[in-house]
Amino acid sequence: MSFDDFHKATARALSEKVDEICAEFAVDETKLKELTEYFIESMEKGLQPLEAGQSEETFKGLPMIPSFVTGKPNGTEKGVLLAADLGGTNFRVCSVDLSGDHSFTLQQMKSKIPEELLEDETVTSHDLFSFLARRTVAFMKKYHPELLEEHAKETAKPLKMGFTFSYPIDQKSLGSGTLIRWTKGFRIKDTVGKDVVQLYQEQLNSVNLNMINVVAITNDTVGTFLSHCYSSGTADSLSSGEISEPVIGCIFGTGTNGCYMEEIQNITKLPEEVKTALLREGKTHMVINTEWGSFDNELKHLPTTKYDVEIDQKLSANPGFHLFEKRVSGMFLGELLRNILVDLHSMGLILNQYRTYANLPHRLRTPFELSSEVLSHIEIDDSTGLRETELSLLQSLRLPTTPSERVEIQKLVRAISRRSAYLAAVPIAAILIKTGALNKRYHGEVEIGCDGSVVEYYPGFRSMLRHALSLSPIGPEGERKVHLRIAKDGSGVGAALCALVA
Ligand SMILES: Nc1ncnc2c1ncn2[C@@H]1O[C@H](COP(=O)(O)OP(=O)(O)O)[C@@H](O)[C@H]1O
């Protein structure tokens, strides 16, 4: 065989293998229906008390965590509040001034979480929470020296803070929460089982910020929902004739999660005395943090490729958990592509200038090095010879590629993102069906408040999600009633709103 023929044969073999992999990533109408039905079943189970012998730590179903938030803001709330937000990549401290007319002003300081807090196995809770307290001091000094001064006086009132903590916690009240398990990077063992509000407050006290009272803990998803409720229904949207109702808050960023309002009657896992007390106060609904990243941890219905198994079992901090998240969220999209490329290389189909695995560029061998942002550039590259893809891969991974390899890489990227967006439609369709939201009121139009870089910036993510909604059991008619809204600064404002009602 000539050199040229050999190359053509390899390119053909690569293309065939890639098509085979892409087919494994496909999610069709039947699968969407099956997944949506199973999601509804999982929600119903998750609202019930744990069975004998089960614990929050080992429970494999949908966590469906009661948030103790029992009302939706309507945009008339007022006041200055503080908020802190610990996500998977950043820690933010903000002050929020709610003006009472659906608008607010926000000041914030964002700090990247240092690598060693995420990776070092010897890190303790003290290390993490003292970092958070030090960043809080930095924020107060920079943006609110007047409040610090004020608080030197004895007459000063404490400042309320809401803490957005985007990891599964067990809550018994709005003001405390025990960590169930870390997800998205952290591995700090001694935090599990502890009240993270208390850990944060102790460190704030020890840096002389005891005038800050952490009064509410919430989840980024619940925060997104509340903030969306506060901003929604402005004069602008009403004059455009919209009468849609906020029903879901969701995140598609480093991780993925969602929340909605459930009838308190249906939350049978709430202790009877709590339920009766709430109902006596006239509360009828509570926001449920579904923790949908954990949907189908038993892998009864989720589409699963060998790459999903590899990432979950060998490369993630929490094997066997958050399996939905590992197929959908920003943290895993690039890692899926990286694993596929390494596998195709091991079959001799791609990157053949590197003889062995050990010869591959270091970055291609490093787990979680390839960010979904790179995939977002490849997704829409229509330049000649996919030059932008070439540059993106060179820049991010120091990886040179041939034009025909790039065509195959783009196919893979599109298959990975499409599966992510299609799966993202499943919980949304399921919640709309379970709550009957599309049949309520006259038109049944609903708003979904979304936050996170993937839903905000990944090209085509929202339209793919919508397409999947139209294929799902809510059908094209249901899909048309859904308004996806980006909830900006959701978690900060949401936490402030939580602190306000605490
Ligand atoms: N332009 C982009 N396109 C696609 N994904 C992005 C983009 N920018 C950031 N991301 C991904 O989004 C995730 C970060 O999500 P983000 O919502 O910004 O933060 P977090 O979820 O940690 O609060 C990362 O996985 C990152 O790779």
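**Figure 1. Polar contacts of the ligand in the predicted model.** In this close-up, a polar side-chain atom of S376 sits 3.3 Å from a nitrogen atom of the ligand. The structure shown is a predicted model, and the distances are to be read with that in mind. On the side chain of T89, an N or O atom is found 3.1 Å from an oxygen atom of the ligand. G330 takes part through its backbone, where a polar atom lies 3.4 Å from an oxygen atom of the ligand. The ligand taken alone exposes 570 Å², and the protein buries 75% of that area.

**Figure 2. The shell of residues around the ligand.** There are 14 residues around the ligand, and those that come nearest are T89, T254, G330, S372 and S453. Sorted by class, this shell holds 10 polar residues, three nonpolar residues and one charged residue. At least two residues of the shell are supplied by each of the helices α12 (330-346), α13 (372-379) and α16 (453-457). Of the elements that contribute, α13 gives the most to the shell, with three residues.

**Figure 3. The largest nonpolar core.** This view turns from the ligand to the largest nonpolar core, which has 107 residues, and in which I248, F252, W292 and L432 touch the most other members. The element that gives the most to this core is helix α15, spanning residues 403-435, with 16 residues. Because residues of the core come both from domain 1 (11-67 + 231-488) and from domain 2 (79-218), the core lies between these two domains.

**Figure 4. T256 in strand β10.** The residue at the centre of this view, T256, belongs to strand β10, which covers residues 256-263. T256 has a relative accessibility of 3%, and it therefore counts as buried, the cut-off being under 20%. For orientation along the chain, N210 is 46 residues away from T256, and the C-alpha atoms of the two residues are separated by 33 Å.

**Figure 5. T221 in helix α7.** The last view is centred on T221, a residue of helix α7, which runs over residues 220-231. With a relative accessibility of 0%, T221 counts as buried, because this value also falls under 20%. The side chain of T221 is joined to the side chain of D220 by a polar contact of 3.2 Å.

Key: Residues are numbered from 1 along each chain as its sequence is written. This is a predicted model: local features need pLDDT of at least 70, side-chain atom pairs count only at pLDDT 80 or more; totals for chains, interfaces and linings use all residues. Side-chain values use heavy atoms; hydrogens and water are left out. A residue is near a molecule or strand if one of its heavy atoms lies within 4 Å of it. A polar contact is a pair of N or O atoms within 3.5 Å; within protein, one must be able to donate a hydrogen and the other to accept it, and residues adjacent in sequence count only if both atoms are side-chain atoms. Accessible areas come from the Shrake-Rupley method with a 1.4 Å probe; for residues, only the protein chains shown count as cover. Helices (H or I, at least four residues) and strands (E, at least two) are DSSP runs, numbered from the N terminus. Ala, Val, Leu, Ile, Met, Phe, Trp, Tyr, Cys and Pro count as nonpolar, Asp, Glu, Lys and Arg as charged, and the others, Gly among them, as polar. A nonpolar core is a set of buried Ala, Val, Leu, Ile, Met, Phe, Trp, Tyr and Cys residues joined through side-chain atoms within 4.5 Å. Buried means under 20% relative accessible area, exposed over 50%, partly exposed in between (1.4 Å probe, protein chains only). Domain bounds come from an automatic or database domain assignment.
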